Amino acid sequence: MAFNGELFEIFSRLPAKSVFKLASVAKSCDEFSSEDLFVKKQSRNMVHEKDSAFFMQQSSYQMFMGVPEFHVMPGEENSSGVSNKSLDFLKKFGRLLGSSNGLVCCRKASGKPVDNELFICNPATQRWLSIPDPWRFQDPKPVLNVVFQCNTGPSDEFPSDYFLMVLQPTEFWSSDLMCKIYSSAERIWQDRGLINFGARRILFESLVYQKGVFYFLSDWFPSVVKESRFYWPYIVAFDPKEGTSSFLQIPKTARKNDFLDTNLNMGIFKWGQGNQESICLVMLSKGVFTVWALEQKKSGSWRRISKVRARAMRMAESDPKIAGFTVINGDSLLVATEKRVYRYGLASHWRWKRAEKVCSHRCGGSVLFYPYSNTLRPCGDGATPVPE
């Protein structure tokens, strides 16, 4: 390699945008920026950095155009970003389903040049890869329940560089979902049998991956008989290696809310960093955000972190209409109103808390967030430049 160990380590800690800037003026950087060892190191190093940006799109039927928007967190404008070419490609042809370590998984929202239903794209490197369909589709095409996660640990957690799974019901109101996992090496889908997800509908747009386990949140509409153990909303913990699932109850105090309220909203997200990483539940009910962190998985114990009225967050709107929310970097609440996005710190002292405007948006009154990390991670063998 045309560089020593110190330069390798320093450059591998830079976001992709900064690496490309260096490559444009330094030949040595241009030579090693595409080498497999450097790309893998840079992708892994970005796991330990805070997500510097996010995608957001309108929450609507999966087959409709999502028209994703890309926004950078305050203070990260010079070090994080993606090309307009990649953004135009995603806006024209894709609807985001997941984001992990610099890659986004999308479902096609229009015809050619995207032939298959699913594809993976790295917006920073301007590369994309079409994924074979998991089965033969017939019109009307069904919603695809997709789980997407890259290898991000010190050792490879998945046989392939990323984990891609689809889950589909076998019959109406069945508690079991048929599971298929994609093998990128063989470019085929493998049947993994049925997985029990309980009696409620699972919200696949609200999932968390932590320490080898995927967590999914159920819906909360009171459609289950009171005698059922699934009467209250719950969280499914799925171990992909073992192929087993277990169930966590939401906090007892969360069950006191009115689940008939059409404005009630919930989501689960990553909480904390490093060894302290856990999951959190965020509930918006009657204009109040409440956040709980899971303290012990075995006992199912939760700790309340924050409770704040949306109007008390001091956003620009006097009576904000909340369009969506997420937790980014394990400590900040991103809140979208109908026109703006704000960041609200969950870890700082309450006297210093004030919602900080991040950006304006045009996604409407119901949105989904996808945190983004600026990496060089490859899409896989056969990836090609995004078309014009």
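## Buried salt bridges, paired strands and a lined pocket

Arg107 and Glu117 are both buried. This pair makes a good starting point for a tour of the structure, which is a predicted model. The side chains of Arg107 and Glu117 join in a salt bridge, with 2.8 Å between the closest N and O atoms. The bridge ties together distant parts of the chain: Arg107 belongs to strand β4 (residues 103-108), while Glu117 sits in the loop between β4 and β5 (118-122), ten residues away.

The count of salt bridges in the model comes to eleven. One of the others joins Arg200 to Asp219, where the closest N and O atoms are 3.1 Å apart. Here too the partners come from distant parts of the chain, 19 residues apart: Arg200 lies in the loop between β10 (188-196) and β11 (202-210), and Asp219 in the loop between β12 (213-218) and β13 (234-239). Since buried means under 20% relative accessible area, Arg200 counts as buried because its relative accessibility is 7%. Asp219, at 12%, is classed as buried for the same reason.

How exposed are the partners in the salt bridge of Arg303 and Glu295? This bridge has an N to O distance of 3.1 Å, and its residues fall in the class between buried, under 20%, and exposed, over 50%. Arg303 has a relative accessibility of 40%, so it counts as partly exposed. Glu295 reaches 49% and is therefore partly exposed as well. Elsewhere, Glu9, Arg13 and Lys41 are joined into one network by salt bridges that share partners.

Turning to the strands, five of them form an open sheet in the order β3-β4-β5-β6-β24, with antiparallel pairing. At the edges are β3 (94-100) and β24 (384-385), each of which pairs on one side only. Within this sheet, five bridges connect β5 and β6 in the antiparallel sense. Phe119 has Ser130 of β6 as its bridge partner.

Another set of paired strands centres on β20 (residues 332-336). Which of its faces are covered? Five of the five residues in β20 are buried. In a regular strand the side chains alternate between the two faces of the sheet. In β20, Ser332, Leu334 and Ala336 lie on one side and Leu333 and Val335 on the other, and these residues are all buried, leaving both faces covered.

Strand β20 has antiparallel partners in β19 (residues 324-328), to which it is joined by five bridges, and in β21 (residues 340-345), again through five bridges. On the β19 side, Ile328 stands opposite Ser332 of β20. The hairpin of β19 and β20 has three residues between the strands, and in it Asn329 adopts a positive phi near 60°. On the β21 side, Ala336 has Val341 as its bridge partner. Three residues also separate β20 and β21 in the hairpin that they form.

Ahead of β19 comes a loop that connects it with β18 (301-309), and Met313 is found there. With a relative accessibility of 0%, Met313 counts as buried because the limit is under 20%. Between Met313 and Lys85 there are 36 Å in space, C-alpha to C-alpha, and the two are 228 residues apart in sequence.

The second largest pocket holds about 660 Å³ of space. It is lined by 25 residues, of which Val39, Arg377, Pro378, Cys379 and Gly380 are the closest to its centre. The lining comprises ten nonpolar, seven polar and eight charged residues. Helix α4 (36-47) and strand β6 (127-131) each contribute at least two lining residues. Which element gives the most to this lining? The answer is α4, with six residues.

Helix α4 also passes a simple check on its length. Its twelve residues should span 16 Å at 1.5 Å a residue, and because the end C-alpha atoms are 17 Å apart, the two values agree. Several residues of α4 are covered: Phe38, Val39, Gln42, Ser43, Arg44, Asn45 and Met46 are its buried residues. Val39 thus appears twice in this account, as a buried residue of α4 and as one of the residues closest to the centre of the second largest pocket.

Notes:
Residues are numbered from 1 along each chain as its sequence is written. This is a predicted model: local features need pLDDT of at least 70, side-chain atom pairs count only at pLDDT 80 or more; totals for chains, interfaces and linings use all residues. Side-chain values use heavy atoms; hydrogens and water are left out. On a 1 Å grid over the protein atoms alone, a cavity is a set of points where a 1.4 Å probe fits but cannot get out, and a pocket is an open set with protein on both sides within 12 Å along at least five of seven lines; lining residues have an atom within 4 Å of a point. Grid points are joined across faces, edges and corners, and a volume is the space filled by probe spheres set on the points. Helices (H or I, at least four residues) and strands (E, at least two) are DSSP runs, numbered from the N terminus. Ala, Val, Leu, Ile, Met, Phe, Trp, Tyr, Cys and Pro count as nonpolar, Asp, Glu, Lys and Arg as charged, and the others, Gly among them, as polar. The expected span of a helix is 1.5 Å times one less than its number of residues. Buried means under 20% relative accessible area, exposed over 50%, partly exposed in between (1.4 Å probe, protein chains only). A salt bridge is a side-chain nitrogen of Lys or Arg within 4 Å of a carboxyl oxygen of Asp or Glu. Two strands pair if DSSP finds at least two bridges between them.
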